[in-house]
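Biologist: Could we go through this model together, one question at a time, starting with the aromatic side chains and then turning to the helices?

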Amino acid sequence: MGRGGFKRKPFGIDGFGYSQNLKQGFMWNVTFANYMEHLYLLAVSRFTYKNLPPTVSRRMIEKSLIERGHVLFFENEIMGYLALPSTAASKVNIYDVPKKRIVNTASGFHATLTEQNSVLIYNDDTRTPFIDTVAFYANKLTRLEMAKDANIVQLMRPKVIRTNQDNENSIRQMLNKAELGEPYILYEDEDNLLSGSDKTEVLDLTSPIIIPDIDRAKFTVLGEYLSRLGYNNINIYKSEHLTVDEGNANNENIMAFRESALESRRDGLAQVNRMFGLNIEVEFSPNVHVDRQGILNPSERSEREGYAGTAEEGDE
């Protein structure tokens with residue numbers, strides 16, 4: 001890194017001691033990593049498994065499905081049942097499933113398996129990794145968060161004072177006095193502070209407060225991501241006037257994404273159960289508040305006014 005990137009005190013009170021551009025880049029990376037972690041956790045914690053063998057890790061199943069789009073379930077003579085990421089090493093069968101699968105882990109474990117002694121479980125019907133979708137929405141949320149920070153900075157420095165070098169100290173004293181709430185007496189003299197061709201000017205860079213609009217956009221983006229994961233969610237900025245039909249349409253969209261991921265896991269586990277004589281089950285996380293049909297009835301409306309349409313007769 002070049003010398004120009006550092007200040008005189010690399011670890012002084014100026015944060016990390018880097019130039020503003022480096023700080024901005026660092027904060028962008030930190031913000032993006034924070035949202036990646038947040039959205040990744042939402043993705044890997046969607047499903048609960050029952051009757052998993054003690055040697056099989058639920059976390060590894062979901063991690064492989066999210067990052068690779070598939071996970072390989074097989075039995076090892078020494079360690080027992082395992083579920084690990086794999087790579088295809090042959091042609092595919094009639095259903096585009098690789099016939100030969102190779103497992104290589106960071107610990108040095110290696111195994112070569114076939115469709116006769118292992119089962120590939122896929123993340124959803126696309127059979128593609130989900131991590132790109134996580135990064136897509138993390139990038140959107142990062143941009144919105146950085147825009148909010150930029151708006152705050154602009155609100156902190158709404159004015160720029162244009163003056164000559166001779167009047168710099170006078171302007172600084174005036175600003176310091178104003179910040180302390182003390183009066184400042186300004187004399188107009190030969191420096192032409194208030195008149196003349198070289199007079200002092202104030203440039204107004206006032207920016208409107210757009211933080212509420214950015215927060216609405218963030219909730220919209222996050223809502224899209226939650227719907228993509230199959231989580232039940234409603235935009236809080238519209239929920240006050242959401243009708244039953246709108247709520248049902250929203251839930252149907254959510255259920256379509258949920259069922260794609262859930263049924264892919266169930267299909268894979270059904271093959272696992274037949275091949276190895278197990279009884280593994282998978283369900284969507286029980287903390288959601290929508291039934292499997294994804295239908296809301298008027299009697300199940302929220303306490304918020306207007307959620308289920310017009311009030312019933314007799315309601316005041």
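**Rings, charges and helix packing**

Modeller: At 15% relative accessibility, F276 counts as buried, and I should say at the outset that this is a predicted model.

Biologist: How are the rings of Y81 and F276 arranged, stacked or edge-to-face?

Modeller: The count of aromatic pairs comes to 9. In the pair of Y81 and F276, the ring centres are 5.6 Å apart and the planes stand at 75°. Planes over 60 degrees apart fall in the class that applies here, so the pair of Y81 and F276 is edge-to-face.

Biologist: How many residues apart in sequence are the parts that this pair ties together?

Modeller: Y81 belongs to strand β3 (residues 80–84), whereas F276 belongs to helix α6 (residues 244–276). Y81 is buried, with a relative accessible area of 18%. Because the two rings lie in these two elements, the pair ties together parts whose separation in sequence is 195 residues.

Biologist: Which residue has its charged end over the ring of F284?

Modeller: F284 forms an edge-to-face aromatic pair with Y231, at 5.6 Å centre to centre and with 65° between the planes. Y231 lies in the loop between α5 and α6 and F284 in strand β10 (residues 281–284), so this pair ties together parts that are 53 residues apart in sequence. Both Y231 and F284 are buried. The charged end over the ring of F284, 4.3 Å from the ring centre, is that of R258.

Biologist: Are helices α3 and α5 roughly parallel or roughly antiparallel to each other?

Modeller: Helix α3 (residues 131–156) packs with helix α5 (residues 211–229) at an angle of about 170°, and their axes are 10 Å apart. An angle over 145 degrees meets the cut-off for the class in question, and α3 and α5 are therefore roughly antiparallel.

Biologist: By class, how many nonpolar residues does the contact of α3 with α5 have?

Modeller: From α3 the contact includes Y137, L141 and L144, while α5 contributes residues including I214, V221 and L222. By class, the contact of α3 with α5 has 7 charged and 2 polar residues, and the nonpolar ones number 12.

Biologist: Which residues does A111 touch, leaving aside those up to four places away in sequence?

Modeller: A111 is placed in strand β6 (residues 110–114), and at 14% relative accessibility A111 counts as buried. Its C-alpha is 9.3 Å from that of S86, with their positions 25 residues apart in sequence. The residues that A111 touches, on that count, are R101, I102 and V103.

Technical notes: Residues are numbered from 1 along each chain as its sequence is written. This is a predicted model: local features need pLDDT of at least 70, side-chain atom pairs count only at pLDDT 80 or more; totals for chains, interfaces and linings use all residues. Side-chain values use heavy atoms; hydrogens and water are left out. Axes are lines fitted to C-alpha atoms, for helices over the stretch in contact, and angles run from 0 to 180 degrees between N-to-C directions. Helices (H or I, at least four residues) and strands (E, at least two) are DSSP runs, numbered from the N terminus. Angles under 35 degrees count as roughly parallel, over 145 as roughly antiparallel, 65 to 115 as roughly perpendicular and the rest as oblique. Contact means heavy atoms within 4.5 Å. Ala, Val, Leu, Ile, Met, Phe, Trp, Tyr, Cys and Pro count as nonpolar, Asp, Glu, Lys and Arg as charged, and the others, Gly among them, as polar. Rings of Phe, Tyr and Trp (its six-membered ring) pair if their centres lie within 6.5 Å; planes under 30 degrees apart count as stacked, over 60 as edge-to-face and the rest as tilted. Buried means under 20% relative accessible area, exposed over 50%, partly exposed in between (1.4 Å probe, protein chains only). A charge sits over a ring if NZ of Lys or CZ of Arg is within 6 Å of the ring centre and within 35 degrees of the ring normal.
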